[in-house]
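Colleague: Could you take me through this structure? I have not seen it before.
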Amino acid sequence: MSKKQKNGSRTGSPGQLMIPLVALGILILFNLFRDPSFFAIGIAVNNSGNSVLSGNLISIIDSASALAIISMGMTLVTAACGGQDISVGAVGAIAGSFFVKVLNRGSSITIGSVILGIIVCCLGTILFMLFNGTLVSVFRIQPMIATLILFSCGRSIAYWINGSATPQLISPIISAMGMTIPGIPIPTPIFAVILMGVLLYLVFKFTNLRLYTQSVGINEGAARLNGVNPVMIKLLSFVLLGVCVSVAAVIGVCRLGQLNHKTLLIDIEMDAILAVAIGGNNLGGGKFRIIGSVLGAYIIQMLTTTLYAMNVAPVNVKAYKAIVIIIIVVAGSPVIKAKISSLITRLKSRNESVAEKEVA
Amino acid sequence: MKKLIALVLALVMCLAATAALADGIKVGIINLDPSESGYREANVKDLNETFTAENGYDATFVTAPTADKQLEAAKGFITDGVKYILVSAAETTGWDDVLQEAKDNGIGVFLFDRMIECDPELYTAAVVSDMRSEGVTAVEWLESLGLEEYNILHIQGQLGSAAQIGRSEPLQEKVAADDKWTMVREGTGGDSWDPEEARKIAQAAIDAGEKFNIVYAENDGMADGVVAALDAAGITHGVNGDVVIMGFDCNKWALRKLLAGEWNYDGQCSPFQAKLIDEMIKGLEEGKEIEGLNELKQIINVEKGFDAKTITEDDVNTYGLGE
C-alpha cells in the first residue's frame with residue numbers, strides 16, 4: 001500500500017481541507033486589499049504592567065480559543081454518533097460553576113486550588129457528558145434530542161451549583177490564565193488550544209481511536225462484527241468532548257474573572273457545529289479531520305473580527321456572518337462540488353480537443 | 001354524618017384562625033428571579049431577612065421571571081387572604097385588574113424597585129430608585145473631571161428597562177448638547193446585561209481602531225467585560241490609566257476595584273427597600289398614615305456615586321453588595 005493511499009483511508013477525503021483553506025485565503029486577501037494594517041501586530045503594556053501583543057490577528061487567534069477547543073470535541077462526537085451535541089454551551093456553564101465553586105471554597109486562590117478546580121470541573125463535566133452519551137449510545141436517542149435536555153436545563157443546574165448570580169474570581173493567577181502570563185506577551189488561551197491539539201494528536205497517534213471512531217460512524221453493525229464496541233466508542237467521544245468543554249469554560253471564566261451562568265459560552269454550540277461543517281466534515285458521521293474544524297473555528301472568528309473592523313456592530317454581526325457562512329457551506333455541498341468537478345473535466349476535454357484540432 | 005363533617009370543618013376553621021393569629025401579619029412577596037444579577041440577589045436576601053416570623057410576619061415568597069407567573073402568584077395571594085402584597089414587577093403594564101381585585105379585598109399593595117403603570121390609587125406606596133438621578137449624578141461627576149475631550153464608549157443595559165433609560169438619557173443629552181462630548185460607540189449588553197457582550201463591543205471598537213477615553217457601562221458586570229478587552233489589548237485604565245471606567249450597582253467586588261484604582265466611578269443602586277416597607281406596614285397596623293409620599297405615592301431611596309480617589313474601606317463594606 002502506498003503512503004498516500006494509507007493516509008487517504010485513515011483520514012477524511014484528501015480534498016476535505018480545500019473549502020476551509022480557500023475560505024481562509026479569501027478572507028485574508030479581502031483584508032489585505034481593504035486595509036493592510038489589519039495584520040499589524042504591536043506590543044502594549046496593560047494595567048497590570050504586562051507587555052501584551054495587540055492587533056487584530058492576535059485578537060482573532062485569542063478570541064477563537066474556546067470555540068476551537070470545543071469544535072475539536074464536537075468533531076469526535078459528530079464522527080462517532082452522526083449527530084451533534086447542542087448542550088455544550090449549557091454544560092460549559094455547569095463546568096464553569098464547578099470550577100468557581102471549588103475556587104471560592106478556600107480563602108485564597110492558589111495554584112494548587114486552581115489545579116484542583118480544573119480536575120473537579122473536568123470530572124463533573126464528564127459526568128454530565130456521560131448522561132448525554134448514555135442517552136445517545138445505549139438508548140439510541142437522536143443526539144440532538146438527547147442533548148436538548150441539558151441544553152434547556154443546564155444553565156439552571158449551573159446556578160444551583162454556584163448558588164450566586166455572578167461569582168467573582170479575583171486573583172493574579174486567574175488573570176494570568178485568562179489573559180497573559182507576566183513576561184509572556186502571547187495570550188494564555190492560545191497555549192490551551194495548542195495543548196488540547198497536541199493531546200488529541202497523541203491520543204490518535206498511539207491508539208486506534210481514530211479508526212474505531214470512523215468505523216462506528218460509517219457502519220455501526222460492521223464495526224460491532226469486527227469487535228469494536230460502538231457504545232464504548234460513542235461514550236468515549238462524549239468524555240473527550242467533556243474535557244474540551246471544561247477547558248473552554250475555564251478559559252471563558254478566567255477571561256472575565258467572573259462567571260455568568262446565563263451567558264458563559266452562549267450560542268457556542270451553533271458556532272461549533274458550523275466549524276465542524278466548514279471544516280469539511282460529514283455531519284452524518286464517519287471520516288473526520290479535526291484540523292479542518294479548528295480551521296473552521298478561526299474562519300468564523302476572523303469573519304467576526306473583520307466585520308468588527310468594518311464598523312459592524314456586534315448585534316448585527318450575526319446577520320452578515322450568516323450570509324458568508326451560507327456561501328461557504330453551499331460551496332462545500334456535494335451538488336456544487338460535483339458541478340465544479342464536471343466543469344473542470346469538460347474544460348479539460350475541450351482544451352484537449354482544441355489542441356487535437358490544432359495538431360490536425 | 002353531616003354533623004361530623006360540620007364538626008370537622010369547624011375544627012379546621014378554628015385551627016386556621018389560631019394559626020393565622022399566631023403567625024403574625026400575612027404578606028405575599030412577588031419578586032424576580034434572584035439569579036438575574038447581584039442586585040436581585042441582594043434584594044431577595046434583604047426581603048427574606050426582613051419579613052421573618054421573629055419580626056412578626058407570616059410571609060410567602062414567590063420569585064418569577066415573567067409577568068404571567070407573577071400575576072398568577074398575586075391572584076393566589078388574594079385567594080389566600082394575605083393582608084399585604086409586595087411586588088417588583090417583571091413588566092410595567094397589565095396589572096390593573098389584579099390590583100383592583102386586591103384593593104376590593106382590602107389588601108395593601110407595596111411596589112418595590114420597579115414601578116407599575118397604573119392609577120396610583122391601586123397601590124399603597126412604592127419604594128423605588130430614581131434611575132434618572134443615578135444617571136445625572138454620574139454625568140455630573142464625569143463633567144467635574146474637566147477633560148479636554150470626552151470620547152465615550154457607552155454600554156447600555158436591557159433596552160427599555162427603567163434602569164437603562166434613567167442611566168442613558170442624561171449622558172445622551174449631554175453628548176447632544178456639548179461639542180466636546182462624542183459618542184464613539186454605543187451598544188447594549190442585552191436583556192441579561194451580559195459582560196461578555198460588553199467585552200465584544202469594546203473588542204469591536206478596538207478592532208476598528210476607534211479611540212475612546214471614557215467607558216460608561218450601565219452596570220458593574222458590563223464594565224468588567226470592557227476592562228477585560230482593554231487588558232487584552234494593552235490599554236491602561238483607572239486612576240492612572242488612559243481610559244476612565246464607570247459602572248453602576250456598587251457590588252462589593254466592583255468597589256474593591258475602585259479602591260485599587262482600576263476603575264474610576266461606581267454609581268449606587270440600592271436594593272434595600274425591605275426596611276422602609278417593614279416600617280410602613282408596622283405603621284399602618286398601628287393605625288398611622290404613611291407620610292412623605294410624592295404624587296406617584298413614591299418614596300425614593302437615596303443613592304450616591306463613589307469616586308476611586310475618595311472611596312474608603314468603610315464605604316466598600318457599608319455599601320457593597322454581595323461578597
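Modeller: The conversation below goes through the model topic by topic. This is a predicted model, in which local features need pLDDT of at least 70 and side-chain atom pairs count only at pLDDT 80 or more, while totals for chains, interfaces and linings use all residues. Residues are numbered from 1 along each chain as its sequence is written, and chains are lettered from A and ligands numbered from 1 in the order in which they are written.

Colleague: How many residues of chain B are in contact with chain A?
Modeller: There are 35 residues of chain B in contact with 30 residues of chain A; contact here means that the C-beta atoms, placed from the backbone, lie within 7 Å.

Colleague: Which helix of chain B gives the most to that side?
Modeller: Helix 7 of chain B does, with nine residues. Helix 2, helix 7 (195-207) and helix 8 (220-233) of chain B each supply at least two residues. Helices are DSSP runs of H or I with at least four residues, strands are runs of E with at least two, and both are numbered from the N terminus.

Colleague: And what kinds of residue make up the side of chain B that touches chain A?
Modeller: That side divides into 10 nonpolar, 13 polar and 12 charged residues. Ala, Val, Leu, Ile, Met, Phe, Trp, Tyr, Cys and Pro count as nonpolar, Asp, Glu, Lys and Arg as charged, and the others, Gly among them, as polar.

Colleague: Turning to the interior, how many residues has the largest nonpolar core?
Modeller: The largest nonpolar core has 146 residues, and those with the most contacts inside it include Ile70(A), Cys244(A) and Val215(B). Such a core is a set of buried Ala, Val, Leu, Ile, Met, Phe, Trp, Tyr and Cys residues joined through C-beta atoms within 7 Å. A residue is buried if 20 or more other C-beta atoms lie within 10 Å of its own, exposed if 12 or fewer, and partly exposed in between.

Colleague: Which element gives the largest share of this core?
Modeller: Helix 12 (residues 230-256) of chain A does, with 17 residues. Leaving aside neighbours within four places in sequence, Ile70(A) is in contact with several residues, among them Val88(A), Cys244(A) and Ala248(A).

Colleague: How is chain B divided?
Modeller: Chain B has domain 1 (2-123) and domain 2 (131-270 + 304-319), with bounds from an automatic or database domain assignment. Their centres, taken over C-alpha atoms, are 37 Å apart. Five residues from domain 1 of chain B and five residues from domain 2 of chain B form the contact.

Colleague: Now the loops: where is Trp193(B), and is it buried or exposed?
Modeller: Trp193(B) is in the loop between strand 7 (181-188) and helix 7 of chain B. Trp193(B) counts as buried because 32 other C-beta atoms lie within 10 Å. Its phi is near 50 degrees, a positive value in a residue other than glycine.

Colleague: What about Asp191(B), in the loop between strand 7 and helix 7?
Modeller: Asp191(B) is partly exposed, since 13 other C-beta atoms lie within 10 Å. Asp191(B) and Leu159(B) are 32 residues apart in sequence and 7.3 Å apart in space, C-alpha to C-alpha.

Colleague: And what is the phi of Lys297(B)?
Modeller: Phi of Lys297(B) is near 60 degrees, a positive value in a residue other than glycine. Lys297(B) lies in the loop between helix 10 and strand 11 (298-301) of chain B, and is partly exposed because there are 17 C-beta neighbours inside 10 Å.

Note on methods: Contact = placed C-beta atoms within 7 Å.
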